[in-house]
Amino acid sequence: MELYNLTPFDLALTAGLVLALGVVQVLLGLGLFRTLALNSLRMVLQLLLVGVILEAVFEAATLPWIMLIAMVMMGLAGYEVVARQKRAIRGWHGYGIGLLAMSATALIVTVLALTFAIEADPWYRPQYAIPLLGMILGNTMTGIGLALNNLTQTAWRSRQEIEARLLLGHPVREATAELRSDSMRAGLIPTLNMLAAAGVISLPGMMTGQILAGVPPIEAVKYQILIMFLITAATGFGSLIAVQLGVRRLFDPRDRLRLDRLRSG
Amino acid sequence: MLFEVKNLQGPNVPPVSFALQAGEVLTVQGESGVGKSQMLRALADLSPHEGQVYLEGVEQSTIPAAKWRRQVALVPAESGWWADTVAEHFARRPDEDRWKSLRLRPSLWDAEVERLSSGERQRLAVLRALILTPRVLLLDEPTANLDHENALAMAELLLDYVERYKAAAVWISHNPEEVRGHASRWLDMTPAGGVLHGTV
């Protein structure tokens with residue numbers, strides 16, 4: 001089987017649908033036309049850019065290039081983690097915690113999958129390495145962002161409860177037990193939903209893509225299962241690390257809750 | 001000397017120095033916003049500050065923070081409650097005579113925190129701190145939410161504790177009458193610093 005190539009006409013046809021949506025919105029006075037148009041345009045430009053870059057990287061396929069791309073992806077994801085929080089930890093610590101949690105999980109899990117499970121030749125073959133890292137990183141970023149957001153916001157709101165426990169001589173570990181488990185859960189909820197919905201409510205994007213490209217469904221399913229486990233492990237461990245590091249930053253060596261280290265919302 | 005404070009100051013605390021012997025109560029007065037509550041937080045080592053605080057000659061920063069706070073216990077104006085029922089907040093059930101002396105119904109032990117009145121919360125927060133048998137009590141208007149009779153009962157319990165356990169207390173009060181006859185000295189907090197009054 002082979003992939004039927006899309007023509008510019010096909011894309012214009014689907015863009016027409018979005019345009020029609022915009023027109024209806026203008027007629028109804030919903031005022032979302034500008035945002036819809038701008039975001040659609042942005043999507044097209046970003047994807048075209050990525051397409052061009054990927055073509056170039058697939059052509060070159062050297063390890064330094066792939067590492068550079070991976071670093072850029074990680075850096076952007078680290079920024080997104082901070083940007084999504086209402087009361088992120090101030091300064092380099094906030095950025096560093098997200099980045100460290102992601103690199104310690106997404107990167108390692110991706111390399112493990114490439115070397116032990118997929119075993120492409122060479123192991124860093126960009127057709128596998130970059131989409132795999134992208135999928136794992138995207139999910140880990142969301143999970144870590146949610147976990148840290150829950151951690152910092154809840155700490156801000158629960159100051160009285162946490163300090164009451166510190167005042168009774170409870171160690172930080174005890175005083176933050178609930179905070180930490182709640183934040184971990186917040187980070188894992190999208191992944192748990194994804195696992196429960198996989199194949200029944202939603203057909204995962206990668207599997208759909210592979211089937212469209214002519215891969216036998218069972219082969220596509222095996223790849224999807226691999227990805228699901230990788231995402232779950234990376235998101236779970238990533239949230240765990242982010243929450244532990246975040247709590248360490250929220251308190252000082254004298255066990256004081258340092259909300260002054262958070263950005264004001 | 002039981003409790004000694006040397007040049008304590010912080011971002012929101014004007015400079016303060018004082019020393020308390022066992023059995024002594026120091027009342028603190030001053031306009032709201034001058035830093036009285038912030039001073040108590042610093043004494044409990046709950047917020048960053050400069051200067052030294054000694055408990056029986058041992059400096060604050062040389063003791064683990066949790067241990068310090070069990071011995072130098074702050075009862076803030078607004079108490080925090082993290083679990084559903086009252087009992088979950090206590091290391092153990094306080095003695096019956098303490099419940100009685102604060103005129104609290106024993107059935108409150110199993111009550112939900114949500115249903116407590118502000119006065120009940122305030123009294124339970126004091127009992128919660130006292131079962132740790134602290135050496136120094138840091139009290140932020142412990143009678144603020146109480147009616148006259150309950151306020152008297154609270155003052156009596158606290159003064160009795162200080163006397164019986166050879167403890168000391170730093171007591172923020174807008175009504176110095178309630179501690180009258182027990183506090184030999186009072187601290188007047190001004191933006192320029194704390195000024196001690198009374199006999200030494």
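Four residues of domain 1 of chain A are in contact with seven residues of domain 2 of chain A, and on the side of domain 1 that touches domain 2 these residues divide into four nonpolar, no polar and no charged. The two domains themselves cover residues 7-60 for domain 1 and residues 62-261 for domain 2 of chain A, and their centres, taken over C-alpha atoms, are separated by 28 Å. All of this is read from a predicted model, and the description that follows should be taken in that light.

Seen as a whole, chain A has ten helices and zero strands, so that, by the definition of these elements, its order from the N terminus on is written as α-α-α-α-α-α-α-α-α-α. The C-alpha trace of chain A spans about 70 × 55 × 35 Å along its principal axes, and of the 265 residues in this chain, 32% are buried. When the contacts in chain A between residues at least 6 apart in sequence are considered, 74% of them join residues at least 24 apart.

One pair of helices in chain A can be followed in detail. Two packed helices are described by the angle between their axes and the distance between the axes. Helix H4 of chain A, residues 91-118, packs against helix H5 of chain A, residues 126-157, at an angle of about 150°, and their axes lie 9 Å apart. The crossing in which H4(A) passes H5(A) is right-handed. From H4(A) the contact draws on residues including A:Gly98, A:Ala101, A:Met102 and A:Thr105, while H5(A) contributes residues including A:Tyr128, A:Ala129, A:Leu132 and A:Leu133. Taken together, the residues of this contact between H4(A) and H5(A) divide into 16 nonpolar, four polar and no charged.

Chain B, by contrast with the strand-free chain A, contains strands that pair with one another, as S1(B) and S4(B) show. Strand S1 of chain B, residues 3-10, is joined by five bridges to strand S4 of chain B, residues 50-55, and the two run antiparallel; within S4(B), the residue that stands opposite B:Phe3 is B:Leu55. S4(B) also pairs in the antiparallel sense, over two bridges, with strand S5 of chain B, residues 58-59, where B:Glu59 is the bridge partner of B:Tyr54. The hairpin of S4(B) and S5(B) has two residues between the strands, and in it B:Glu56 takes a positive phi near 50°.

The two chains also meet, in a contact that takes 19 residues from chain B and 14 residues from chain A. On the side of chain B that touches chain A, helix H2 (65-71) and strand S6 (72-75) each supply at least two residues, and H2(B) gives the most, with five residues. The residues on this side of chain B divide into ten nonpolar, three polar and six charged.

A last stop in chain B is B:Lys100, which is found in helix H3 of that chain, residues 96-101. B:Lys100 counts as exposed because it has 11 C-beta neighbours inside 10 Å, where the cut-off for an exposed residue is 12 or fewer. The C-alpha atoms of B:Lys100 and B:Gly119 are separated by 15 Å, and these two residues stand 19 residues apart along the chain.

Terms used. Residues numbered from 1 in each chain as written. Chains lettered and ligands numbered in written order. Predicted model: local features only at pLDDT ≥ 70, side-chain atom pairs only at ≥ 80, totals over all residues. Helix = DSSP H or I, 4+ residues; strand = E, 2+ residues; numbered from the N terminus. Buried ≥ 20, exposed ≤ 12 C-beta atoms within 10 Å, placed from the backbone. Axes fitted to C-alpha atoms, helices over the stretch in contact; angles between N-to-C directions. Left-handed = near helix turned anticlockwise from the far one by under 90°. Nonpolar A, V, L, I, M, F, W, Y, C, P; charged D, E, K, R; others polar. Domains from an automatic or database assignment. Pairing = 2+ DSSP bridges.
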